[in-house]
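Good morning, and thank you for joining. I should like to take you through one model, beginning with the ligand and ending with a helix.

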Amino acid sequence: MEILTRIGAALQEGDDEAVGRLTGEALAEGLAPRRILDEGLIGGMNAIGEQFRRHELFLPDVLLAAKAMYAGLDRLQPLLAAEGGALRGKVCLGTVRGDLHDIGKNLVAIMLRGAGFEVVDLGRDVAPRRFVDAARETGALVVGMSALLTTTMPVMKEVVDLLRAEGLAGRVKTVVGGAPLSAAYAKEIGADAYAYDAAHAIEVVKRLTA
Ligand code: B1M
């Protein structure tokens, strides 16, 4: 079996030891970190999401898969981040209130750091007030929000509205992302931009801070 398929399969089995080891082997074979991420780890996680949706597996399985995903990401992180250059400005990043999904958000953080941005990672389940206070206190140019649940997407609008109410909109740009998001939704809530994945987030944040 091809190594990327084996990584995806090990991730689906929640075998964090194997995912870490195979990721190391893939790197030793000379595969690009981004390819290992996209075709091995994210591929495996997408398959988990699909089975979870069909009720073929349950929450503990998904948790194990997430742990395995991190075993692979730990190996890739320094390499993805090493692509960076001079510091380009600060970005406050978090998963919005009520939402505990942080794998995508963490990927965005890794990639932004790799592109030379200073990332203030607010973590997950972040209240609107915290995004706004952090943006003001750190002098961030961009607030990045992630949401994976349709029920937590509206929290992004609360952040956008609060930034506006406190006179920060304009100076602080907002970018939103996450599987249920879309450019249309970003526009509807008044966010400055939508990014569909971590690589796109870099492009978008570069544009917003240019
Ligand atoms: Co949850 N979960 N989950 N889950 N989970 C989803 C999101 C779901 C789609 C699964 C399904 O039904 N098929 C579904 C949501 C349905 C909906 O809202 N319509 C769901 C559900 C229902 C739930 C619970 C409610 C389940 C329950 O309790 N009954 C619960 C909610 C908990 C909560 O948040 N309050 C729950 C819990 C969990 C775990 C804790 C077990 C675990 C998360 C672990 C963790 O993150 N530490 C988990 C997982 C792993 C998933 C799936 C399987 C995978 C998500 C993931 O990490 N993908 C997910 C199914 C799926 O999405 N296919 C699912 C890999 C990651 C790299 O992709 O996060 O999309 P993603 O990030 C992408 C892009 O979206 C983008 O870039 C990344 C790629 O480069 N991106 C951004 C993300 N944020 C961005 C921000 C940006 C720009 C781009 O700018 C700022």
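H101 sits in the loop that connects strand 1 (90-96) and helix 5 (103-114); helices (H or I, at least four residues) and strands (E, at least two) are DSSP runs, numbered from the N terminus. The model is a predicted one: local features need pLDDT of at least 70, side-chain atom pairs count only at pLDDT 80 or more, and totals for chains, interfaces and linings use all residues. Residues are numbered from 1 along each chain as its sequence is written, and side-chain values use heavy atoms, with hydrogens and water left out.

Which protein donor does the cobalt atom of the ligand have? The only one is H101, through NE2 at 2.2 Å; donors are N, O and S atoms within 2.8 Å of the metal (3.2 Å for Na, K and Ca), and water is not among the atoms, so sites may look incomplete.

The ligand also has polar contacts, meaning pairs of N or O atoms within 3.5 Å. A polar side-chain atom of D102 is 2.7 Å from a ligand nitrogen, and a polar backbone atom of A179 is 3.2 Å from a ligand oxygen.

I turn now to helix 3. Its 21 residues (33-53) should span 30 Å, because the expected span is 1.5 Å times one less than the number of residues; the end C-alpha atoms are 28 Å apart, which agrees. Helix 3 has a kink of about 35° centred on I42, the bend being the angle between axes fitted to the seven residues ending there and the seven starting there. After helix 3 comes H55, with a positive phi near 60°.

Key
A polar contact is a pair of N or O atoms within 3.5 Å; within protein, one must be able to donate a hydrogen and the other to accept it, and residues adjacent in sequence count only if both atoms are side-chain atoms.
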